Amino acid sequence: MKQPDKKARKEYMEIVTDAPTEVAIPGTRRTVKIRGVKPYTLERLTALWLEREMKMPSDSSETLKDMSIEPYFSVKEAALFVLNGYWRIRLFYPFLWRWWGKIKGYTESQMTPIIREGKKKLQLRAHWRNMAYSTDMRTDWMRMTA
């Protein structure tokens with residue numbers, strides 16, 4: 001049987017133990033630490049996506065229109081992953097995304113490693129398993145049969 005390599009085992013242990021991962025922002029000397037994503041951070045990411053979708057016209061499928069509606073979307077996402085906690089987001093989020101997006105002028109490609117690492121820190125497998133187990137227990141599905 002083939003064993004996982006050292007890198008895969010290290011990444012697994014970082015996720016299990018919630019160890020911070022240092023991520024470098026390309027083109028700068030700055031690094032940020034990413035930990036396991038907390039529930040409030042997921043709520044804010046969801047709100048950010050909903051806010052973005054509400055601004056977009058329903059018939060728009062062009063990328064340029066999307067980018068002009070929300071040019072700092074990737075910076076906002078990355079800021080949420082870096083702050084990752086109720087009080088840190090509440091206190092520093094408005095300043096951090098403006099600092100990175102408007103003053104520093106970080107681009108989407110510079111934010112990609114942060115977002116990629118933040119996605120790795122989501123505990124989605126357990127979430128989807130719990131969702132599958134609880135699907136049949138919803139009262140609206142039990143009562144709304146055809």
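# Helix packing and burial around α4

Modeller: The crossing of α4 and α5 is right-handed. Keep in mind that this is a predicted model, in which local features need pLDDT of at least 70, side-chain atom pairs count only at pLDDT 80 or more, and totals for chains, interfaces and linings use all residues. Residues are numbered from 1 along each chain as its sequence is written, and side-chain values use heavy atoms, with hydrogens and water left out.

Colleague: What makes a crossing right-handed rather than left-handed?

Modeller: Look at which way the near helix is turned from the far one, by less than a right angle: clockwise is right-handed, anticlockwise is left-handed. The α4 and α5 pair gets the right-handed label.

Colleague: And why are α4 and α5 called oblique to each other?

Modeller: Their axes cross at roughly 140° and come within 9 Å. Under 35 degrees would be roughly parallel, over 145 roughly antiparallel, 65 to 115 roughly perpendicular, and the rest is oblique. The 140° value fits none of the named bands, so α4 and α5 are oblique. The axes are lines fitted to C-alpha atoms, for helices over the stretch in contact, and the angles run from 0 to 180 degrees between N-to-C directions.

Colleague: Which residues make that contact?

Modeller: On α4 you have Val 75, Lys 76, Ala 78, Ala 79, Leu 80, Val 82 and Leu 83, and on α5 Arg 88, Ile 89, Phe 92, Tyr 93, Leu 96, Trp 97, Trp 100 and Gly 101. Contact means heavy atoms within 4.5 Å. Sorted by class, they come to 12 nonpolar, 1 polar and 2 charged. Ala, Val, Leu, Ile, Met, Phe, Trp, Tyr, Cys and Pro count as nonpolar, Asp, Glu, Lys and Arg as charged, and the others, Gly among them, as polar.

Colleague: How do you know that α4 is mostly covered?

Modeller: Buried means under 20% relative accessible area, exposed over 50%, and partly exposed in between (1.4 Å probe, protein chains only). In α4, 11 of its 11 residues are buried. The cover over them includes β2 (31-34), α2, α5 and α6. Across the whole chain of 146 residues, 29% count as buried.

Colleague: There's a lysine in α4, Lys 76. Why does Lys 76 count as buried?

Modeller: Its relative accessibility is 8%, which falls under the 20% limit, so Lys 76 is buried. Leaving aside residues up to four places away in sequence, Lys 76 touches Leu 48, Glu 51, Glu 70, Tyr 93 and Trp 97.

Colleague: What makes Thr 21 buried?

Modeller: Thr 21 sits in strand β1 (residues 21-24). Its relative accessible area of 12% is under 20%, so Thr 21 is buried. With residues up to four places away in sequence left out, Thr 21 touches Glu 14, Val 32, Lys 33, Ile 34, Glu 117 and Lys 121.

Colleague: Then why does Trp 87 count as exposed?

Modeller: Trp 87 lies in helix α5. At 58% relative accessibility it is over the 50% limit, so Trp 87 is exposed. Trp 87 and Tyr 40 are 47 residues apart in sequence and 9.7 Å apart in space, C-alpha to C-alpha.

Colleague: Back to α4. What makes α4 oblique to α6?

Modeller: Helix α4 (residues 73-83) and helix α6 (residues 108-120) pack at about 40°, with axes 9 Å apart. The oblique label follows because 40° is not under 35 and does not reach 65. This crossing is left-handed. From α6, the contact takes in Glu 108, Met 111, Ile 114, Ile 115, Gly 118 and Lys 119. By class, the contact of α4 with α6 has 7 nonpolar, 2 polar and 3 charged residues.

Colleague: And why is α2 called oblique to α5?

Modeller: Helix α2 (residues 39-55) and helix α5 (residues 86-103) pack at about 45°, again with the axes 9 Å apart. An angle of 45° also misses every named band, so α2 is oblique to α5. Tyr 40, Thr 41, Arg 44 and Leu 48 of α2 meet Tyr 86, Ile 89, Arg 90 and Tyr 93 of α5.

Colleague: How do you know that the length of α1 is close to the expected one?

Modeller: The expected span is 1.5 Å times one less than the number of residues. Helix α1 (residues 6-17) has 12 residues, is expected to span 16 Å and reaches 16 Å from first C-alpha to last. Just after α1, Asp 18 takes a positive phi of about 55°.

Key:
Helix = DSSP H or I, 4+ residues; strand = E, 2+ residues; numbered from the N terminus.
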